[in-house]
Amino acid sequence: MKVAVVGCCHGALDKMYETLELLQRRHNVRPDLLLCCGDFQAVRNEADLRCMAVPAKYRHMQTFYRYYSGEKKAPVLTVFIGGNHEASNHLQELPYGGWVAPNIYYLGYAGVVRFRGVRIGGISGIFKSHDYRKGHFECPPYNQQTIRSTYHVRNIEVFKLKQLKRPIDIFMSHDWPRSIYHYGNKKQLLKMKSFFRQEVESNTLGSPAASELLQHLKPTYWFSAHLHVKFAAFMQHQTNSKEELPKATKFLALDKCLPHRDFLQIIDIEHDPSAGDSLEYDAEWIAVLKATNSLVNVTQSSWNMPENNGLHAKWDYSATEEAIKEVLEELNHNLKIPCNFTLTAACYDPNKPQKQVEPVHTINPQTTEFCAQFGLTDINDRIQQAKEEGSVRGEHEEDDEEEEMDSTGSAEEPSEYNTDNSGLSSINPDEIMLDEEGGDEDLSTCSVDPSPDHPPDFSASFSDIRIMPDSMAVSSDDAMDSTNEELEKSGVSKQVEEKNLNERPLKRIGGKENGNSAIKKIKRRNQAIYAAEDEDKTE
């Protein structure tokens, strides 16, 4: 089975799908599945744009709304996770996953599905330690704090994934697992992105939560995005016993979808030829969701997951064979995910712009049906109840400076991890400076381009879409300087170049202040999401 993988999509669905069509037309390569590693930007209308954590001037409608409305349909089954530049209100409707458009499936905060017998898992968002132990309390309309915290990874999602015992074939995360750069061509990475050096040398680049999952799940493939650079690594896992067979993970980080970029990867993966072509639930994952349902939290209170430390009566929530069997019996052994996509918001109309429309908290019928079928808590319904009961009164009015608290946590709320990760402190010359403390960029308002984006020009020829080799036998650290060069030579490579692109890079810088206070202010930076205007002029 051929699987196409892309990094940060940034709403450029037409670009992705037209690339696949050109790949098929010119090289007779047709992927069976498309995976996107975050920043998908499922923006349906102007209200969704207001819920995307980027400055107003970088909010563009892009092309997803055409797939949401039914004007277009994805030509290949597409599965994606969330990143840190999303229409968060839309994705929040589907905490357990669901269809955002026909043939386009979101994995939820965390999720596992199957396609043709291939087991695919993922976790959405990016890691921030000061939000890691909170519940999913945010809901639209967001304020300056919650528009960012809503996409931060929570410990409950990591805990659920760590209950899985059966092998995972493919796993996706938006930010990289911390330390993965030690298992690839680190020298070449720093040559391309020299501003990563400080974080690499201090081992603070990437997500410690994702690293924990990588060590536990040991998937065959792990795909990430976020840092807008292509990077391959090969991690040989340690075995827990002599009887256990050695496992290894092929890691690949993808570049963002831009012209003249190698943003699309094709891999061949073994599948079950007797399996159908429908996306399916994973029985073990459903059993884990049922087992952990009592742990659902919709408050800002920090809390720890159950551990075998003498403080919890139960700490093992993994699914027994009996529990998995019960799930299969509940579904009559029919694991097919129903095609129950439903419109839950008005679709963008370029002829009738609605710039002042406010986002609302919506309970999606897909989630209602899913929770009713498996006896799960509808997180959004619980948030609504909590708001009505007044238990979260005032929690959404926190000052924006709390977003800048020290990532190591306070004495009252110690962090599970020593350092933060995603807000890198080094200066990224490829990004636009965004000073959150200055308040000169209002994330709560939006300037929407009244005209839809024009379809990209795909008249240019391919240059580089690579096929991943079956084996990436590389050694760790700097001893593998030639790894990326070998990958460049392997497989069939093609990439679409286009003209008339009007995208800009969003740059952000963060820096920590020295001091002994428990809470410090830090400046955060977003990853570059658009190509610079002056770069366009030179291309």
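A residue counts as buried when its relative accessible area is under 20%, as exposed when that area is over 50%, and as partly exposed in between. Keep that scale in mind as we walk through this predicted model.

Let's try the scale on three residues that sit in loops. Ser179 belongs to the loop between strand 8 (170-173) and helix 8 (186-192). Its relative accessible area is 18%, so Ser179 counts as buried. Asn203 is found in the loop between helix 9 (197-201) and helix 10 (208-217). With a relative accessible area of 29%, Asn203 is partly exposed. Asn332, placed in the loop between helix 12 and helix 13, has 64% relative accessibility and therefore counts as exposed.

Now step back to the whole chain. It has 539 residues, and 59% of them count as buried. The chain contains 16 helices and 14 strands. If you take the contacts between residues at least 6 apart in sequence, 82% of them join residues at least 24 apart. On the outside, the chain exposes about 21,600 Å², with carbon and sulfur atoms supplying 46% of that area.

What lies inside? The largest nonpolar core has 115 residues, and the members that touch the most others are Tyr17, Phe40, Ile104 and Phe223. Helix 11 (residues 283-291) gives the largest share of this core, six residues. Phe40 is a good residue to click on: leaving aside neighbours within four places in sequence, its contacts include Cys9, Leu13, Met16, Phe64, Phe80 and Ile104. There is also a second, separate core of nine residues, with Leu49, Met52, Tyr58 and Ala87 among them.

Next, look at a strand. Which parts of the chain enclose a strand can be hard to see at a glance, but for strand 10 (residues 231-236) the count is clear: five of its six residues are buried, so the rest of the structure largely encloses this strand. Strand 10 runs antiparallel to strand 11 (residues 248-253), and six bridges join the two. One of the pairings links Phe231 with its bridge partner Ala253 in strand 11. Another strand to visit is strand 12 (residues 264-268), which holds Gln265. Gln265 has a relative accessible area of 4%, so this residue is buried. Its side chain makes a polar contact of 2.5 Å with the side chain of Lys230.

Helices can be buried in different ways. How many residues of helix 10 are buried? Seven of its 10 residues are, so helix 10 is largely enclosed by the rest of the structure. Among the buried ones are Pro208, Ala209, Leu213, Leu214 and Leu217. At the start of this helix, a side-chain oxygen of Ser207 comes to within 3.3 Å of the backbone nitrogen of Ala209. Just after the helix, Lys218 has a positive phi of about 50°.

Helix 13 (residues 365-374) is worth turning in your viewer. Its buried residues include Gln366, Thr367, Phe370, Cys371 and Phe374. These residues cover an arc of only 125° around the axis, so they lie on the same side of helix 13. Here is the general reason: an α-helix has 3.6 residues a turn, so residues three or four places apart point the same way. Among the elements covering the buried residues of helix 13 are strand 4 (98-101), strand 13 (279-281), helix 11 and helix 12 (321-330). At the start of helix 13, a side-chain oxygen of Asn364 reaches to within 2.8 Å of the backbone nitrogen of Gln366. After the helix comes Gly375, with a positive phi near 70°.

Finally, let's return to the loops. Asn203 and Arg178 are 25 residues apart along the chain, yet their C-alpha atoms are separated by 7.1 Å. Leaving aside neighbours within four places in sequence, Asn203 is in contact with Arg178, Ser179, Tyr181 and His182. With Tyr181, the side chain of Asn203 forms a polar contact of 2.8 Å. Ser179 has a positive phi of about 85° although it is not a glycine. Asn332, also a residue other than glycine, has a positive phi near 55°. One more backbone detail is the cis peptide bond that joins Pro140 and Pro141, where omega is about 0°. Pro141 lies in the loop between helix 5 (129-132) and helix 6 (146-149).

Conventions: Residues numbered from 1 in each chain as written. Predicted model: local features only at pLDDT ≥ 70, side-chain atom pairs only at ≥ 80, totals over all residues. Heavy atoms only, no water. Helix = DSSP H or I, 4+ residues; strand = E, 2+ residues; numbered from the N terminus. Buried < 20%, exposed > 50% of the residue type's maximum accessible area, 1.4 Å probe, protein only. Contact = heavy atoms within 4.5 Å. Areas by Shrake-Rupley, 256 points an atom, 1.4 Å probe, with all protein chains shown as cover. Core = buried A, V, L, I, M, F, W, Y, C linked by side-chain atoms within 4.5 Å. Pairing = 2+ DSSP bridges. Polar contact = N/O pair within 3.5 Å; in protein donor to acceptor, adjacent residues only side chain to side chain. Arc of directions from axis to C-beta.
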